[in-house]
Every structure is written in C-alpha cells, then in structure tokens.
Amino acid sequence: MPSTSSPVTVLGLGLMGTALASALVKAGHPTTVWNRTAAKTGPLAAQGATPADTAKDAIEAAPLVIVCLTTNDDVRTLLAPESEALAGRTLVNLTNGTPSQARELAAWAEAHGITYIDGGIMAVPQMIATPAAYILYSGTDEAAFEAHRATLTVLAATKWVGKDPGLAALHDLALLTGMYGMAAGVAQAYALIGSEGIPAREFAPLLEDWVAGMTHAIVPETAEAVDTDQHLTDVSNLAMNRAAFPNFLQAYAEQGLRPDLFAPFQGLLDRAVEEGYGADGLSRLVTLLKQD
Ligand code: FVH
C-alpha cells in the first residue's frame, strides 16, 4: 500500500503538471519530474523534487507515473518509445482528451504490460490540493487505482467512474460542456447589457442569482424528464420558446452584437416544433441532439 514515502513521477510541467508535482512534494512523496523544456523543472527542484534528464529516467524512478501534457497526441509521441520503461508500472494520464483516445491509449498500454488509468481534472491549477478540486478516474484495473488512491488523493478528491477507460473523459467533457454553455450565456449577457453602457459589475449580482437559480431547477428537472422520457410540460414549452427566440437574435443585431453563439439554438427550436414537439419542454432537445 503506497504511503507518503511512495515515489511518484510527473511528466509534463505546464501549469497543471507543476501544480500536481508541487502538491506531491509538499505531501512528502519523493517526486521525480521531467519536462520537454527542462528549465521548468527549476522551481520544483527548489521545492525538493528530483529533475530527470530524460523521460525514460523519470519513468524508471517510480511505480506510479503521472502524465499531463497538452494533448493525447503529445502523450502518444512522448510515450510510444518508452513502452519498455513503462512496463509493470501504473500510468495515470491526466491530459484532456476524448473517450476514444483514452480507450486507444489503454489498449496500447495493455499490449505493453502497462497499467493504464485515465483521468479528468475538474479544477484549475490553483485549485489543486484544495477541497474544491476533484479528479475523475477510469480504467480496466480498479485494483491498481485503489492501490494508488491515497497518493492520488494528495492532488484532489478522487471520483472513480468505471472500468471502461473512456468514462473519465466522457464525464469530464460532459461537465465541461455544461460549463462552456454557461460561459457562452454569460458572455452574450454581458455583451448585451454592455451594449447600453451598463457595467458588467453592476449587472453581475442579478446574473449570478438568475443563473444559479435556473441551474438548480433545470439540471434535476431535465434529468428526470430525460430518464423517464416524459417531456410534456405546462411551464415553458418549445412552441413558446421558439416564438420568443427571434427577439433575442433581433436584439443582438440591433445592439450591434454578433449572433454566432445563439443562432444555432433557433434552428434547433425550429426543428423541434416542426417535428411535432411544440408542447414539450426544453428537455426534448436532448433527444434531438442525437445524430440520425
Ligand atoms: N490549466 C487548466 O486550467 C486546465 C484544467 C483542467 C485540465 N487541463 C488539461 O491539463 C493538460 C495540461 O494543461 P496545462 O495547463 O498544464 O497546459 P500547459 O501549461 O500549456 O502545459 C503543457 C505541457 O505539455 C507539454 N508538452 C506539450 N507537447 C509536448 C510534447 N509533444 N512532448 C512533451 N511535452 C509536451 C509542455 O511542455 P513544454 O512546452 O513546457 O516543453 C507542457 O509541459 C491539458 O490537457 C489541459 O487541457 C488544464
């Protein structure tokens, strides 16, 4: 069972990799670090990490290897030549990616005797090692995850989401989709309110309360409708939303704003009503997003 004395290697010292390695060092783990641009190891070495000259040297320093690069293409490029060094070790990949990329990397790892765990970080670097952060994990070898769970908990709370290696990325992208949707709405709202010279700071309390309240209502209500396939509503149906939505697009144009973020939503509402779902609530859109 790993303890605070169990060695860990971190490959990739961008903003996130540096935060991860720093947390491990602070928790007392002997931490070996490697980065393509070697100068980035300096601050971590000053904290007590051991810089390695090559990725291979770094991998061979610990049974648990954490990698966090820009993309999974970068992970493949870096690790494909290091499969021998990785054999028999546990590789935790915290690089953002897709479910299919995770499954492909897991298959490659299995073929080379490497235990592969995929992860999705639900935090920005400043949140690492704070109670606000958590990391999603998935992989075929749950026992390996459990064996290293105490070490991984140093980085953030852990959420195991299943044995399909693609599930961490799936959950990660679904959660981030919700965030980007909210961020897109906030951007358009500030652009609209700002088009009349109203400062964003003045409008922010109204917007924050409204978005928080709608989130608390819409997220669970939509889940219930989707899982029961019951979309009829007596509150806010698609026919009404479709009729109102041109006002949004017209107002954006009149206020000198681009419609790019929200114009596609009109198309989806139009299709929903044309296909006979006018009496349904917005939850119906979930079914209409599936490709034929
Ligand atoms: N930062 C954030 O807020 C988010 C939070 C959620 C998770 N993401 C994902 O984490 C991955 C890394 O993000 P990052 O913030 O650390 O990114 P950078 O600061 O840009 O650092 C990128 C590191 O990747 C190295 N790298 C890139 N390509 C290669 C390669 N072909 N071979 C070896 N290393 C490579 C790069 O090295 P260098 O440029 O310093 O030499 C950095 O160490 C990412 O998937 C986010 O989506 C972060």
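**Exercise 1. Find which residue Arg149 forms a salt bridge with, and say how far apart the closest N and O atoms are.**

Step 1. Start with the term: a salt bridge is a side-chain nitrogen of Lys or Arg within 4 Å of a carboxyl oxygen of Asp or Glu.

Step 2. Arg149 pairs up with Glu146, and their closest N and O atoms are 2.7 Å apart.

Step 3. Now look at where the two sit. They are three residues apart in helix H7 (residues 142–153), so about one helical turn separates Arg149 and Glu146. Helices here are DSSP runs (H or I, at least four residues), strands are runs of E with at least two, and both are numbered from the N terminus.

Step 4. Check the surroundings. Arg149 is partly exposed at 24% relative accessible area, and Glu146 is partly exposed at 35%. The cut-offs are: buried under 20%, exposed over 50%, partly exposed in between, with a 1.4 Å probe and protein chains only.

A word on what you're looking at: this is a predicted model, where local features need pLDDT of at least 70, side-chain atom pairs count only at pLDDT 80 or more, and totals for chains, interfaces and linings use all residues. Residues are numbered from 1 along each chain as its sequence is written, and side-chain values use heavy atoms, with hydrogens and water left out.

**Exercise 2. Work out which parts of the chain the salt bridge between Asp164 and Arg103 links.**

Step 1. The closest N and O atoms of Asp164 and Arg103 are 2.9 Å apart.

Step 2. Asp164 is in the loop between strand S8 (157–162) and helix H8 (167–194), while Arg103 belongs to helix H6 (residues 99–111). That puts the partners 61 residues apart, so the pair links distant parts of the chain.

Step 3. Asp164 counts as partly exposed at 27% relative accessibility, and so does Arg103 at 39%.

Step 4. For another pair, try Lys56 and Glu60, with closest N and O atoms 3.2 Å apart. Lys56 is partly exposed at 39%, and Glu60 is partly exposed at 40%.

Step 5. To round things off, the structure holds 10 salt bridges.

**Exercise 3. Say which residues are closest to the ligand, and how many surround it.**

Step 1. Count the neighbours: 20 residues surround the ligand, each with a heavy atom within 4 Å of it. The closest are Met16, Asn35, Arg36, Thr37 and Lys40.

Step 2. Next come the polar contacts, meaning pairs of N or O atoms within 3.5 Å. An N or O atom in the side chain of Thr37 is 2.5 Å from an oxygen atom of the ligand. For the side chain of Lys40, the matching distance to a ligand oxygen is 2.6 Å. Leu13 uses its backbone instead: an N or O atom there lies 3.2 Å from an oxygen atom of the ligand.

Step 3. Finish with area. Taken alone, the ligand exposes 910 Å², and the protein buries 75% of that. Areas like these come from the Shrake-Rupley method with a 1.4 Å probe.

**Exercise 4. Decide whether Thr31 is buried or exposed, and list what it touches.**

Step 1. Thr31 sits in strand S2 (residues 31–34).

Step 2. At 2% relative accessibility, Thr31 counts as buried.

Step 3. Leaving out residues up to four places away in sequence, Thr31 touches Val8, Val10, Ala21, Leu24, Val25, Ala49 and Thr50. Contact means heavy atoms within 4.5 Å.

Step 4. The Thr31 side chain also reaches the backbone oxygen of His29, at 2.7 Å. Within protein, such a polar pair needs one atom able to donate a hydrogen and the other able to accept it, and residues adjacent in sequence count only if both atoms are side-chain atoms.

**Exercise 5. Where do Ala129 and Asp229 lie, and what is the phi of each?**

Step 1. Recall the background: most residues other than glycine have a negative phi.

Step 2. Ala129 has a positive phi of about 65 degrees, though it is not a glycine. Ala129 lies in the loop between strand S6 (115–122) and strand S7 (134–138).

Step 3. Asp229 isn't a glycine either, and has a positive phi of about 55 degrees. Look for Asp229 in the loop between helix H9 (200–228) and helix H10 (238–254).

Technical notes: A residue is near a molecule or strand if one of its heavy atoms lies within 4 Å of it.
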